Amino acid sequence: ITTLINHKDKPKRSDKTLQAIQRVGQAVNLAVGRFVTVGEAIANENHELKEEMSVACIDARRAGETIAQLTDVASLDHPESDSHITIFTDKTGVVKAARLLLSSVTKVLVLADRIVIKQIITSRNKVLATMEQLEKVSSFQEFVQIFSQFGNEMVEFAHLTGDRQNDLKDEKKKARMAASRAVLEKCTMMLLTASKTCLRHPDCESARMNKDGVFHRMRLALEQVIEIVTDSRPNGENEMAPISIYSGIKEFKNKVEGLRENLYFLSKENLSTMLEVILEHTEDFTDSAYTSHEHREHILELSKQAKMELEQLVSVWMQAQNQKTKDLMEDLEVAILKTCQCMNELKREVHSAATSLAADLLKYHTDHMVLKALKITGVEGNLEAVAEYTCKLSEQKEQLVEMCRLLRHVSGTEPLEITCIHAEDTFQVTGPQIISAAETLALHPSSKIAKENLEVFCEAWESQLSDMSLLLREINDVFEGRRGEKRVYLSLPRPGKHNANLKALKPVKLDTEEQAKIAKLGLELHLLTSDVDSETEKWEDQENEIVQHGQSMSSMAYSMYLFTRGEGLLKTTQDLFHQAEIFATEGTKLASALHAFSDQVHEDDKPLLLLEAEKLISMCKQLQITAKASAQGKSATFTKVDACIMKTRNVMTLLCQLLPLCFKLLRKNKAGNGCLKPAPPWKEDRIRTGTNAHTPERRVETFGIKSLENHITNMTFLESK
């Protein structure tokens, strides 16, 4: 349409031009015809909107035909002299037809969207109705029948909301939808075991509380999905998201820097209020019992300095408004720079306070000792010990909730802020649910279903802790500029550059069904990146070449995991294949670093290290061959994607074995040379416990079984249950 409207009238028109115009007109008409056919099919299936949809489709078809008639010029030698009206004799006719076409097509899209929203609401209502039935059942047989129906309805709802999430353009809404769907995914398994426990022990108050908590949370999540889909809030209230320190500082700096262009666009009271709000939020850090004394002092000092810098800025600013001299403008520039620098330092300090607290807490709670103790004392029926450990879990919950609140202030982006809020809610809700599940088990220590129920809630807690490690890494990446459009390793191909055959590189995305098929592999890759990250964190020398290559490979593997979810910077299969090539190259570089490192280790240890390095080279070569192989057609492309991710997972599994081996050899080498400082005893114990309890092989195997049973993307476990 744009081509036709912008077509320049020239006195002399070649046959080529006339044919091109006719082809464009015919192409528009054919495209409209196909589009309208789909619209009419939708209208026939949805009687309440049939009339509106039919009118819009008729208008679109008429406009398409008009454009085809007006561009039917190829057979005319002298279009101007002919009585036939064409684009050359009636340019306004084309403009009118184009406007009618665009408005009618837009109407068809809006009506189709209304139908999709109605489908999601109808699906939600079905789920709610079945949930009410599940709450009231009194026999196992009845429960199994209704839960089977509930499972099918949840599968339908998951598909509809998953498609909607992918279609959302607003990143904030997308993050909220992802959080709500994550709650529904985890709660479905909780609902199963909590309901079974309640049926087995109908007179147990803690079992009833446990079940009620799951149903309540699922209802809230279902309601939030509908709010996002319909873009509405209950009772017409507006969504008031709490302002974070980062967003406050960003807005404040924008206003301050705006004074360079316009001295009169805001008042000094406005600027002072903005700073007051930011400094009020810093009290979340200074009042927190978990903020270190050093961080607290620095934040208070910088808050005081920020007030002084703003006073100086306002003073110079007011003078500049009255008398715009060169000296005053230079003073204003200095005051602006000093104010912004102070705010940057404050931002850096609160980021350091939040992320260091998070890193310490996540490291401290990685062994899940309290959860293990609750399981043991519950099976023993030791109510006193269970009460003692529930107090400890409550303390842990308060620490983690506070950590999430502080991380939200420094998350850097709205989607990450929402993820922090979701994590906070998860810890707030899951903590008491674990306690009620543990109390039920302690009251019925021989109950297998009560034991299974506690396991499910503990797994949800462990899973959220694991997610927090990834969230912390993303927050650090945003702060250091590693998350965004540019990544050091992400040199994606550009069409027409270094590509001889563009057809072979046609970018395609995975559809929902393909994402579901590959989800298990992607999640295993996700888990392995966490393992690699935890191994690299143990190294004192973060500049070590082995560590840097390992971190880089982990970051790339994480991007590939995000691709399997339809998220992240890798948008198409071609992006993924290119990423796999770079990942393999990085692995080869790591192998070279391992060869160099082998010269520093004892002769006895050298063969093992070199053997592992050769394995790595071989696996990286295989991955490169797979990534470079051509694939034509949807099925072949998906097979190639599957192979690339599988081979990346295999490399990451090897990397999980290599890093602790190198760490051990490095310590041994340093100890042999007498240059290793003795580490504090608690740290040695912690590393030893971590490596014994969480070896990569065991974690992957456990996850494989867990994902087969729990993986919610397909939710096939519901049908099997």
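**Close-up views of a predicted, helical model**

**Figure 1. A patch of negative charge lies on the surface.** Five residues gather here: Glu276, Glu280, Glu283, Asp284 and Asp287. The model shown is predicted. Glu276 belongs to helix α9, which covers residues 268-286.

**Figure 2. The whole protein is built with helices and without strands.** There are 23 helices and 0 strands. The protein has 721 residues, and 46% of them count as buried. The exposed surface comes to about 36900 Å². Carbon and sulfur atoms supply 52% of that area. Contacts often link distant parts of the sequence: among those between residues at least 6 apart, 77% join residues at least 24 apart.

**Figure 3. Ile120 is a buried residue of the protein.** Ile120 sits in helix α4, residues 91-136. Its relative accessibility is 0%, so Ile120 counts as buried, the cut-off being under 20%. Residues up to four places away in sequence are set aside in the contacts listed next. Ile120 then touches Phe157, Leu160, Thr161 and Arg164. Ile120 also touches Val225, Ile226 and Val229. Val229 is 109 residues from Ile120 along the chain. Even so, the C-alpha atoms of Ile120 and Val229 are separated by 8.2 Å.

**Figure 4. Gln165 is buried within helix α5.** This helix runs over residues 140-167. Why does Gln165 count as buried? The relative accessible area of Gln165 is 8%, and buried means under 20%. Neighbours within four places in sequence are again left aside for the contacts of Gln165. Those contacts are Lys174, Met177, Ala178, Arg181 and Glu567.

**Figure 5. His368 has a positive phi in a loop.** The phi of His368 is about 55°, although His368 is not a glycine. Where in the fold does His368 lie? His368 is found in the loop between α11 and α12. Helix α11 spans 326-364, and helix α12 spans 369-380. Is this loop residue, His368, buried or exposed? His368 is buried, because its relative accessible area of 16% falls under the 20% cut-off.

Terms used:
Residues are numbered from 1 along each chain as its sequence is written. This is a predicted model: local features need pLDDT of at least 70, side-chain atom pairs count only at pLDDT 80 or more; totals for chains, interfaces and linings use all residues. Side-chain values use heavy atoms; hydrogens and water are left out. Patches are made of residues with over 30% relative accessible area and no salt bridge: like charges are joined within 9 Å, nonpolar side chains (Val, Leu, Ile, Met, Phe, Trp, Tyr) within 5 Å. Accessible areas come from the Shrake-Rupley method with a 1.4 Å probe; for residues, only the protein chains shown count as cover. A salt bridge is a side-chain nitrogen of Lys or Arg within 4 Å of a carboxyl oxygen of Asp or Glu. Lys and Arg count as positive and Asp and Glu as negative; His and the chain ends are not counted. The place of a charge is taken as NZ of Lys, CZ of Arg, CG of Asp or CD of Glu. Helices (H or I, at least four residues) and strands (E, at least two) are DSSP runs, numbered from the N terminus. Buried means under 20% relative accessible area, exposed over 50%, partly exposed in between (1.4 Å probe, protein chains only). Contact means heavy atoms within 4.5 Å.
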